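Open the model in a viewer and keep the sequence panel visible. The tour moves from one selection to the next and says what is found at each stop.

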Amino acid sequence: MIRLLAIDEIPKAAELGPLFYEEGNLPGSFVHETFIKNWENLFNSNIGFIIGMFDSESKIIGLLGGIMSADFNDCTLYASEMFWFVKKENRGRSISLLDAYEKEAINRGAKRCSMGLLVGLHPDGLGRIYERRGYSPVEKTYFKTL
């Protein structure tokens with residue numbers, strides 16, 4: 001099953017954070033309390049949403065989090081993906097989270113949406129999937145630890 005998470009489910013979503021950070025070889029560290037606090041604030045301000053994928057026992061096996069904002073240049077409302085992670089054993093159904101994200105973005109009034117591509121997680125195949133769905137590569141982001 002795939003559906004929007006309620007605010008009280010954010011702590012359960014945080015449980016996948018360390019797996020995402022480890023597999024993606026992301027900079028920094030994952031701090032449960034910070035994730036929970038920030039996403040609760042985003043939910044309360046109606047800026048953020050998280051879509052969850054659940055197994056037959058109602059356990060979260062995948063997540064896609066997005067935020068809504070107005071483009072700084074033309075004020076067009078758009079959705080930005082903040083994270084997308086599905087446990088390895090359940091990745092065959094991952095695209096359904098992307099479908100739900102796009103649908104939710106439209107429901108919230110977005111005219112555009114963006115998806116990130118982590119270099120450490122399937123960069124070639126995922127980029128091709130995005131392009132087949134109508135996404136265009138726009139930017140590459142680089143991080144440096146100071």
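Select glutamate 104 first. In this predicted model, glutamate 104 has a relative accessible area of 12% and is buried, because burial here means a value under 20%. The residue belongs to helix α4, which covers residues 95-107. Show what surrounds the side chain: apart from neighbours within four places in sequence, glutamate 104 is in contact with Leu4, Phe49 and Ile51.

**The whole chain**

Now zoom out and colour by secondary structure. There are 5 helices and 5 strands in the chain. From the start of the sequence to its end, they come in the order β-α-α-α-β-β-β-α-β-α. The radius of gyration is 15 Å, close to the 15 Å that the globule rule gives for 146 residues, so the chain is as compact as a globular protein of that length. A box drawn along the principal axes around the C-alpha atoms has sides of roughly 40 × 35 × 35 Å.

Colouring by accessibility gives another view: 37% of the 146 residues count as buried. Contacts can be sorted by sequence separation as well. Among those with a separation of 6 or more, 58% are between residues 24 or more positions apart.

**Valine 86**

Select valine 86, a residue of strand β4. Is valine 86 buried or exposed? Its relative accessibility is 3%, so valine 86 counts as buried. Display the residues around this side chain. With residues up to four places away in sequence left out, valine 86 touches Met53, Ile61, Gly62, Arg91, Ser94 and Leu97. For a distance check, pick the C-alpha atoms of valine 86 and leucine 64: they are 8.5 Å apart in space, with the two positions 22 residues apart in sequence numbering.

**The second largest pocket**

Next, turn on a pocket or surface display. Rolling a probe the size of a water molecule over the atoms shows where empty space is left. The second largest pocket holds about 190 Å³ of space. To see its lining, select Glu9, Lys12, Glu15, Leu16, Phe54, Asp55, Ser58, Lys59, Ile60, Ile61 and Lys87. What is the make-up of this lining in nonpolar, polar and charged residues? It consists of 4 nonpolar, 1 polar and 6 charged residues.

Stay with this selection and pick glutamate 15 and lysine 12, both of which are in the lining. These two residues form a salt bridge, and their closest N and O atoms are 3.6 Å apart. Glutamate 15 has a relative accessible area of 46% and is therefore partly exposed.

Serine 58 also lines the pocket. Find it in the loop between β2 (48-54) and β3. Check the backbone here: phi of serine 58 is near 65 degrees, a positive value in a residue other than glycine. With a relative accessible area of 53%, serine 58 is exposed.

Then move to lysine 59, another lining residue. Its side chain meets that of glutamate 57 in a salt bridge, with 3.6 Å from N to O. Glutamate 57 is exposed, at a relative accessible area of 55%.

**Arginine 112 and its partners**

The salt bridges in the model number 9. One more of them is worth a stop: select arginine 112 and aspartate 74, whose side chains meet at 3.3 Å, N to O. This pair links distant parts of the chain, 38 residues apart. Arginine 112 is in strand β5 (residues 112-114), while aspartate 74 is in the loop between β3 (60-70) and β4 (77-86). How accessible are the two partners, and in which class does each fall? Arginine 112 has a relative accessibility of 38% and counts as partly exposed; aspartate 74, at 44%, also counts as partly exposed. Add Asp71 to the selection: salt bridges with shared partners join Asp71, Asp74 and Arg112 into one network.

**Cysteine 75**

For the last stop, select cysteine 75, which is found in the loop between β3 and β4. Its phi is near 65 degrees, a positive value in a residue other than glycine. The relative accessibility of cysteine 75 is 61%, so the residue counts as exposed.

Methods:
Residues are numbered from 1 along each chain as its sequence is written. This is a predicted model: local features need pLDDT of at least 70, side-chain atom pairs count only at pLDDT 80 or more; totals for chains, interfaces and linings use all residues. Side-chain values use heavy atoms; hydrogens and water are left out. On a 1 Å grid over the protein atoms alone, a cavity is a set of points where a 1.4 Å probe fits but cannot get out, and a pocket is an open set with protein on both sides within 12 Å along at least five of seven lines; lining residues have an atom within 4 Å of a point. Grid points are joined across faces, edges and corners, and a volume is the space filled by probe spheres set on the points. Ala, Val, Leu, Ile, Met, Phe, Trp, Tyr, Cys and Pro count as nonpolar, Asp, Glu, Lys and Arg as charged, and the others, Gly among them, as polar. A salt bridge is a side-chain nitrogen of Lys or Arg within 4 Å of a carboxyl oxygen of Asp or Glu. Buried means under 20% relative accessible area, exposed over 50%, partly exposed in between (1.4 Å probe, protein chains only). Helices (H or I, at least four residues) and strands (E, at least two) are DSSP runs, numbered from the N terminus. The radius of gyration is taken over C-alpha atoms; the globule rule is 2.2 Å times the number of residues to the power 0.38. Contact means heavy atoms within 4.5 Å.
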